Amino acid sequence: TSDHGSGEQPAVSEMLKMFGVRLPQMYEELDKSMSSSVAASLLDSVRSTLVGQKWIWIETGAFVQSERLSSEVERIDCRPFLYVVPSHLRRLSSAFQQNLVTRFGVRTKFGPVDYTQVLKDLYVESVQTSKGGGRRQGGGGERNRSLMGRRLDLAISVVQILSDYDRNDVERLEIYAPDESC
């Protein structure tokens, strides 16, 4: 199986390079087509198909949900949970960018709900990682794997950002803040 796997790796790499070249061109074509009167009615249909789907290509070589993108550069790097709109989309018309925001869920700026989702994703990731091994002694149950390195720094930075918001904006949100057990 190792020969089979190594043969696929260059093909996947080439495909990703192709996406990196072709998808920005496809977004440009979509931008040009939006000026037609038919485009506005089609956008709602397209939006209903894409909601919750990973469909926007980012420079790291992956697709992400539009809800995980912001048109403003953030104070901290929240990748792989939140991203800034990629440069190939920022170069498109302001009408296209506005449609991304108003119709497709791209954020103008991330807010408390987005940041609390990052903390929840970090928590879920740590719980799933701790369930994967089965090497622990002492039987079943969930136990959090500690956040370490960049993940811990990210969690602390996100909690600090949340503390800057008005209390009314965050008091009803469930916040998964790291403590000594995770």
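Which residues does I58 touch, not counting residues up to four places away in sequence? I open with that question, and I shall answer it after a brief overview. Please bear in mind throughout that the model is predicted.

The protein has 7 helices and 4 strands. Reading from the N terminus, two helices come first, four strands follow, and five helices complete the order. Of the 182 residues, 29% are buried. The accessible surface of the protein amounts to about 11,700 Å², and carbon and sulfur atoms supply 52% of that area. As for contacts between residues at least 6 apart in sequence, 67% join residues at least 24 apart.

I return now to I58. This residue is located in strand β1, which covers residues 54–58. With the sequence neighbours set aside as stated, the residues that I58 touches are V64, L69, Y83 and P86. Consider P86 in particular: 28 residues separate I58 from P86 in sequence, while their C-alpha atoms are 5.6 Å apart in space. Is I58 buried or exposed? Its relative accessible area is 3%, and the cut-off for a buried residue is under 20%, so I58 counts as buried.

I58 also leads us to the largest pocket, since both I58 and Y83 are found in the lining. The volume of this pocket is about 180 Å³. Besides those two, the lining consists of E59, T60, E74, I76, D77, C78, R79, L82, V84 and F110. Sorted by class, the lining residues are 7 nonpolar, 1 polar and 4 charged.

One of the lining residues, R79, has a further feature in its backbone. The peptide bond that leads from R79 to P80 is cis, and its omega is near 10°. P80 itself belongs to the loop between β3, residues 69–70, and β4, residues 83–84.

Let me turn to the salt bridges. How many does a search of the whole structure find? The search finds 7. I shall discuss three pairs and one network.

The first pair to discuss is D164 with R75, whose closest N and O atoms are 3.1 Å apart. D164 is part of helix α6, residues 149–164, whereas R75 is in the loop between β3 and β4, so this salt bridge ties together parts that lie 89 residues apart in sequence. Both partners count as exposed: D164 has a relative accessibility of 55%, and R75 has one of 58%.

Next is the salt bridge between R107 and D114, in which the closest N and O atoms are 3.1 Å apart. Here the two partners fall into separate accessibility classes. R107 is partly exposed at 27%, while D114, at 9% relative accessibility, counts as buried.

Then there is the pair of E125 and R151, whose side chains meet in a salt bridge with an N to O distance of 2.7 Å. E125 is in helix α5, residues 112–131, and R151 is in helix α6; the pair thus links distant parts of the chain, 26 residues apart. R151 has 24% relative accessibility and counts as partly exposed.

Finally, salt bridges with shared partners join D77, R79 and R150 into one network. Two members of that network, D77 and R79, are already familiar to us from the lining of the largest pocket.

How values were computed. Residues are numbered from 1 along each chain as its sequence is written. This is a predicted model: local features need pLDDT of at least 70, side-chain atom pairs count only at pLDDT 80 or more; totals for chains, interfaces and linings use all residues. Side-chain values use heavy atoms; hydrogens and water are left out. On a 1 Å grid over the protein atoms alone, a cavity is a set of points where a 1.4 Å probe fits but cannot get out, and a pocket is an open set with protein on both sides within 12 Å along at least five of seven lines; lining residues have an atom within 4 Å of a point. Grid points are joined across faces, edges and corners, and a volume is the space filled by probe spheres set on the points. Ala, Val, Leu, Ile, Met, Phe, Trp, Tyr, Cys and Pro count as nonpolar, Asp, Glu, Lys and Arg as charged, and the others, Gly among them, as polar. Buried means under 20% relative accessible area, exposed over 50%, partly exposed in between (1.4 Å probe, protein chains only). Contact means heavy atoms within 4.5 Å. Accessible areas come from the Shrake-Rupley method with a 1.4 Å probe; for residues, only the protein chains shown count as cover. A salt bridge is a side-chain nitrogen of Lys or Arg within 4 Å of a carboxyl oxygen of Asp or Glu.
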